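Please look over the structure below before reading the notes. They go through it topic by topic.

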Amino acid sequence: MLRTVNRVFLGLVGLILLVLGGSVLAVGLGVSAPSWWIHDSKHDVLVSYAERTRWRDDGWWWPVVIAALAVLLLLALWWLVAVLRRRRLAEVLVDTGDGEGALLRGRALENVLTQEADHIDGVDGAQAHLKGGRSTPEAHVRLALEPHVNPGTALNDFTTGALTHARTSAGLASLPAEVRLKGVKHGAERVS
């Protein structure tokens, strides 16, 4: 969802800036602008002195300007944090039993889950991602199933096999998983 919002927002901002910048450049190069456009000739300014100072003496002007800029700043900061935030779990805290602990790379556990899920009968492809906290990871897995496979059997094989092995090898009390199953498209079989 966030990826879609990010792309749509960036696309709209880019389109608006492209249209405004292109129109200013075109008018500056001598193209005649429509009568309703914001400036008329290459010697015209975008915002005149009268427009800049029209509401300066009104009591509501500066609070509205400051509030609008504060909202824009908060939206820009929210967007920046959302873009820079890590989507995957980098490390998993493994209890070693001696009161200390060890760190397991999240990518290593994801690769093990993916490779073991790929070896399940009827699974054509698998992807695993870890999210959550270091001591409470959650697995998000996608399994592409071949047409002849029973989804319940494939899910049971994954939870009793790959997921259980990952949980026990990392020493986790639990490893909740969200598994999405998808059928692989195939062509019609030829009968002779």
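The notes below cover the core, a strand pair, one helix, the salt bridges and a surface patch.

The model is a predicted one. Its largest nonpolar core has 24 residues. A search of the whole structure finds two salt bridges, and a nonpolar patch of about 600 Å² lies on the surface.

**The nonpolar core**

- In soluble globular proteins, nonpolar side chains tend to be buried together.
- Within the largest nonpolar core of this model, which has 24 residues, the members that touch the most other members are L113, L143 and F158.
- Five elements each supply at least two residues of this core: β1 (91-94), α4, β3, β4 and α5 (151-169).
- The element that gives the most to this core is α5, with five residues.
- Leaving aside neighbours within four places in sequence, L143 is in contact with F158, and both residues are among those that touch the most other core members.
- With the same neighbours left aside, the contacts of L143 also include A117, V123, G125, A126, V179, R180, L181 and K182.

**The strand pair β3 and β4**

- Strand β3 covers residues 123-132 and strand β4 covers residues 137-145.
- The two strands run antiparallel and are joined by nine bridges.
- A hairpin of four residues leads from β3 to β4.
- In this pairing, A128 stands opposite V141, which belongs to β4.

**Two buried residues of helix α4**

- Helix α4 spans residues 106-118 and contains E110.
- E110 counts as buried because its relative accessible area is 3%, and buried means under 20%.
- Not counting residues up to four places away in sequence, E110 touches R88, A128, H129 and L130.
- T114 also has its place in helix α4.
- With a relative accessible area of 17%, T114 is likewise buried.
- Leaving aside neighbours within four places in sequence, T114 is in contact with A126, Q127 and A128.
- A128 therefore appears in the contact lists of both E110 and T114, where contact means heavy atoms within 4.5 Å.

**Salt bridges**

- Two salt bridges are found in the whole structure.
- One of them joins the side chains of E91 and R134, at 3.8 Å from N to O.
- This pair links distant parts of the chain, 43 residues apart: E91 is in strand β1, and R134 is in the loop between β3 and β4.
- E91 is partly exposed, with a relative accessible area of 31%.
- R134 is partly exposed too, with a value of 41%.
- A salt bridge also forms between R180 and E178, whose closest N and O atoms are 2.9 Å apart.
- E178 is partly exposed, at 34% relative accessible area.
- R180 is also one of the residues in contact with L143.

**The nonpolar surface patch**

- V5, L69, V71, L72, L75 and W78 make up a nonpolar surface patch of about 600 Å².
- Helix α3 (residues 61-84) provides the largest share of the patch, five residues.
- Is L69, a residue of helix α3, buried or exposed?
- L69 is exposed because its relative accessible area is 52%, and exposed means over 50%.

Technical notes
Residues numbered from 1 in each chain as written. Predicted model: local features only at pLDDT ≥ 70, side-chain atom pairs only at ≥ 80, totals over all residues. Heavy atoms only, no water. Patch = residues over 30% accessible without salt bridge, like charges linked within 9 Å, V, L, I, M, F, W, Y side chains within 5 Å. Areas by Shrake-Rupley, 256 points an atom, 1.4 Å probe, with all protein chains shown as cover. Salt bridge = Lys/Arg side-chain N within 4 Å of Asp/Glu carboxyl O. Buried < 20%, exposed > 50% of the residue type's maximum accessible area, 1.4 Å probe, protein only. Pairing = 2+ DSSP bridges. Core = buried A, V, L, I, M, F, W, Y, C linked by side-chain atoms within 4.5 Å.
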